[in-house]
Amino acid sequence: MKIKYLGHSAFNIISEEGLNILIDPFISNNPSCTVPVEQLKPDIILVTHAHADHFGDTLEIAHNSGATIITTHELATFCEKQGFNSIGINIGGSIVIEDLIEVKMVNALHSSGIDFMEDLEEGGIATGFIITLENGKKIYHAGDTGLFGDMKTVIGDIYKPDISLIPIGDRFTMGIEDAAVAAKWLQSRIIIPMHYNTFPGIEQDVELFAKYVEDESIGTMTVPLLPGEEYTEE
Ligand code: NI
Ligand code: MN
């Protein structure tokens, strides 16, 4: 399995069987993204919430690739109305993709107005995803979120993600102190920080975050990726 960081909260995961999963594809307006939109050919696109720095180029990429969009019921309806193939799910619900991979929607503590429309429209709620791969490994993408207790009691204790992608940028999401608590609660082997250093206002010292995690969480390693870099494991 390969997890490629595209900057901000955008990731491209390629599973063992070759399923191509794109998450929160904020690409063309993302100052940290080095990959052109045309290069992305996902099978599925997961969108955590409606904000422009997450929904991003979803429609263009879905148009180019024929990918199915998986998101909240409200956002999926919005995409469907424009002729896109989309599947709406909701918190606690899951869906199995091509008999290979399960995608479960989980809570996030954030908002989800459709901010790229002329009038701000309702966009459902903000969410996170837990992706269970063919080999049973679980990847948690937290979306945009503040620290919330279910990260421990539901996501950490029950779902037990192996790898967690969590925001650390502060201002719109958790900052590094809260994200270090989240890392402790999640008990993942690997933490990949996201949603920082993309634009002014969310600059963070990722090395300091990694030190907090090292101090507070035994058995958890922080893997900071630069945009364009990949994390790979069997
Ligand atoms: Ni947001
Ligand atoms: Mn965001």
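**Helix H4, the metal site and the neighbouring strands**

Just after helix H4, the residue Lys160 takes a positive phi of about 50°. In this predicted model, H4 itself spans residues 150-159, and its buried residues are Met151, Ile155, Gly156 and Tyr159. These four lie on the same side of H4, because the arc that they cover around the axis is only 110°. The cover over the buried residues of H4 includes strand E8 (101-107), strand E9 (127-132) and strand E10 (138-141), together with helix H5 (176-186).

Of the strands that take part in this cover, E8 is mostly covered itself, since five of its seven residues are buried. On one hand E8 pairs with strand E7 (residues 94-97) in the antiparallel sense, over four bridges, and within this pairing Val103 of E8 is the bridge partner of Ile95. E7 and E8 form a hairpin with three residues between them, and in the turn Glu98 has a positive phi of about 50°. On the other hand E8 pairs with E9, again in the antiparallel sense, over six bridges; here the bridge partner of Met105 is Phe129 in E9.

The loop between E10 and H4 contains Asp144, which is one of the protein donors of the nickel ion (ligand 1). The donor atoms are NE2 of His49, ND1 of His51, NE2 of His110 and OD of Asp144, and they lie 2.2 Å from the nickel ion. In sequence, the spacing of these donor residues follows the pattern H-x1-H-x58-H-x33-D. The angles among the four donor atoms run from 89 to 174°, and the site is irregular; a tetrahedral assignment fails because all angles would have to lie between 85 and 135 degrees. Asp144 also bridges the nickel ion and the manganese ion (ligand 2), and the two ions lie 3.3 Å apart. Distant parts of the chain are linked by the pair His49 and Asp144, which are 95 residues apart, with His49 placed in the loop between strand E4 (44-46) and helix H1 (52-55). Both His49 and Asp144 are buried.

Finally, the cysteines were examined for cross-links, and the structure holds zero disulfides. Cys33 is in no disulfide, and the nearest cysteine sulfur to that of Cys33 belongs to Cys79, 19 Å away, whereas a disulfide would require the two sulfur atoms to be within 2.5 Å. Cys33 counts as buried because its relative accessibility is 14%, and Cys79 counts as buried at a relative accessibility of 0%.

Notes. Residues are numbered from 1 along each chain as its sequence is written. Chains are lettered from A and ligands numbered from 1 in the order in which they are written. This is a predicted model: local features need pLDDT of at least 70, side-chain atom pairs count only at pLDDT 80 or more; totals for chains, interfaces and linings use all residues. Side-chain values use heavy atoms; hydrogens and water are left out. Buried means under 20% relative accessible area, exposed over 50%, partly exposed in between (1.4 Å probe, protein chains only). Helices (H or I, at least four residues) and strands (E, at least two) are DSSP runs, numbered from the N terminus. The arc is that of the directions from the helix axis to the C-beta atoms. Contact means heavy atoms within 4.5 Å. Donors are N, O and S atoms within 2.8 Å of the metal (3.2 Å for Na, K and Ca); water is not among the atoms, so sites may look incomplete. Four donors count as tetrahedral if all angles lie between 85 and 135 degrees; four count as square planar and six as octahedral if opposite donors are over 155 degrees apart and all others between 65 and 115; anything else is irregular. Two strands pair if DSSP finds at least two bridges between them.
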